[in-house]
Amino acid sequence: MSAPETFAPRRDEPLFGRLAIIGIGLIGSSIAHAAKELNLARHIVLSDADPDVRRRARELDLGHEVAESALEAARDADHIVLCVPVGACGAVAEEIAPVLKAGAILSDVGSVKHAVVEAVSPHLPEGVHFVPAHPVAGTENSGPDAGFPSLFLNRWCILTPPPGTDEAAIARTRQFWEGMAAIVEVMGSQHHDLVLAITSHLPHLIAYNIVGTAEDLAAVTQSEVIKFSAGGFRDFTRIAASDPTMWRDVFLANKEAVLEMLGRFNEDLALLTRAIRYGDGETLHKHFTRTRAIRRGIVALGQEKAETEKLKKR
Ligand SMILES: NC(=O)c1ccc[n+]([C@@H]2O[C@H](COP(=O)([O-])OP(=O)(O)OC[C@H]3O[C@@H](n4cnc5c(N)ncnc54)[C@H](O)[C@@H]3O)[C@@H](O)[C@H]2O)c1
Ligand SMILES: O=C(O)C(=O)C[C@]1(C(=O)O)C=C[C@@H](O)C=C1
């Protein structure tokens, strides 16, 4: 009987012996699903600070074992992935440092990279390789029930190894993410934070802001704002439902880059405001034509990426 079709090939031999996933939310549970289904590790152990989450992870049969503490999960692990909010990475690294074995690869999935590198690096024991990662894939849902194995399919995963990181450890981390069907790119942590400030962090801030403003208005207009909301506003409400702890940490950890991008955004918004005020249709039309071309370019690129991946698999 042939093996059932899956979104990525299942490995004959696991890539890692023991994989430890600390933090069992959307990302941690998605990695657990994918790694188990695709045989990326012989033994997958998970842990979470919240006992209700650990209980739920056992009910969902995530990985092979749910440990009572991060320390217990990380003991003897070959690959440890921190899937906790960005602001918790330093403390978890400090907690597990005494049991990390030489040669192990420590990684994370934080949406901000430079602050994580700064927070984790001081706790790295001799001989442990740190390869930070950011899968640029997610949803507005969180918790252990939110994960699914194909979350990373055809999505970027950005690695930001500090200069001098062991090349073999970078290569193994790349294999891990490619094993889950992600497309891997390597860049510096500060460059990452600047790029993601405009492509991910600012859009979330705008969504959080506009939904709040509309809600304030709703009180005045007897809920008409919510009642008549069509596609545009609904799309914002999806993003604005994202996890508050995660996003609080993102904005606190990427303060400089977000403020820089917010400054530019406000300048451009002032130009559009002025065009509306003075009835300058030409400026508005030109701007909207340019942004439509950008969207169509992104869609075309996406199709090309999917085609390339299909060809690679043949
Ligand atoms: N949600 C997304 O779209 C997305 C996408 C890419 C990367 N990320 C990054 O992934 C990480 C996790 O995000 P998520 O969406 O999975 O969050 P989540 O809220 O779904 O899960 C986070 C889990 O971490 C646990 N946790 C918090 N502090 C802990 C600690 N000190 N020790 C052990 N467990 C702890 C929480 O109890 C929770 O179960 C964040 O750093 C986030 O920036 C998120
Ligand atoms: O699709 C979504 O819900 C997301 O917001 C995912 C998204 C993004 O901004 O693209 C959010 C944060 C992560 O760090 C990576 C991905």
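A residue is called buried here if 20 or more other C-beta atoms lie within 10 Å of its own, exposed if 12 or fewer, and partly exposed in between. Keep that rule at hand for this tour of a predicted model. Of the 314 residues of the protein, 37% count as buried.

**The whole protein**

Start with everything selected. The C-alpha atoms fill a box of roughly 65 × 45 × 40 Å along the principal axes. How does the radius of gyration fit a compact globule? For 314 residues such a globule would come near 20 Å, and the protein has 21 Å, which agrees.

Switch to a cartoon view and you will find 12 helices and nine strands. Contacts reach far along the chain: among those with a separation of 6 or more, 76% link residues 24 or more positions apart.

**The sheet**

Next, colour the strands. Six of them make an open sheet with parallel pairing, in the order β3-β2-β1-β4-β5-β6. At its edges are β3 (65-66) and β6 (129-130), each of which pairs on one side only.

Now zoom in on β1 (residues 16-22) and β4 (residues 79-82), which run parallel and are joined by four bridges. Select Leu19, and opposite you will see His79 in β4.

**Ligand 1**

Show ligand 1 and the residues around it. There are 29 of them, and the closest are Gly23, Gly25, Ser111, Gly138 and Ser142. Three elements give two or more residues to this shell: α1 (26-37), α4 (89-96) and α10 (244-253). Which of them gives the most? That is α1, with three residues. Colour the shell by class and you get 18 nonpolar, eight polar and three charged residues.

**Ligand 2**

Move on to ligand 2. Select Ser111, Val136, Ala137, Gly138, Thr139, Glu140, Ser200 and Ile239 to see the residues around this ligand. By class, the shell has three nonpolar, four polar and one charged residues. Two names should be familiar: Ser111 and Gly138 are listed around ligand 2, and they are also among the closest residues to ligand 1.

**Ala207 in helix α7**

Now select residues 189-220, which are helix α7, and pick out Ala207 within this helix. Is Ala207 buried or exposed? Ala207 is buried, because 21 other C-beta atoms lie within 10 Å and the cut-off for buried is 20 or more.

Leaving aside residues up to four places away in sequence, Ala207 touches Phe236, Ile239 and Ala240. Of these, Ile239 is one of the residues around ligand 2. For a longer view, draw a distance from Ala207 to Asp280: the two are 73 residues apart in sequence and 27 Å apart in space, C-alpha to C-alpha.

**Helix α11**

Finish with residues 255-277, helix α11, where Lys255 has its place. The helix has 23 residues and reaches 32 Å from its first C-alpha to its last, close to the 33 Å expected at 1.5 Å a residue.

Lys255 is partly exposed, because 14 other C-beta atoms lie within 10 Å, a count between the cut-offs of 12 and 20. The distance from Lys255 to Arg155 is 25 Å, C-alpha to C-alpha, with their positions 100 residues apart in sequence.

Which residues of α11 are buried? They are Ala257, Val258 and Met261. As you look at how they are placed, recall that an α-helix has 3.6 residues a turn, so residues three or four places apart point the same way.

Your last stop is Gly279, just after α11, which takes a positive phi of about 65°.

Notes: Residues numbered from 1 in each chain as written. Chains lettered and ligands numbered in written order. Predicted model: local features only at pLDDT ≥ 70, side-chain atom pairs only at ≥ 80, totals over all residues. Near = placed C-beta within 6 Å. Nonpolar A, V, L, I, M, F, W, Y, C, P; charged D, E, K, R; others polar. Expected span 1.5 Å × (residues − 1). Rg over C-alpha atoms; globule rule 2.2 N^0.38 Å. Contact = placed C-beta atoms within 7 Å. Pairing = 2+ DSSP bridges.
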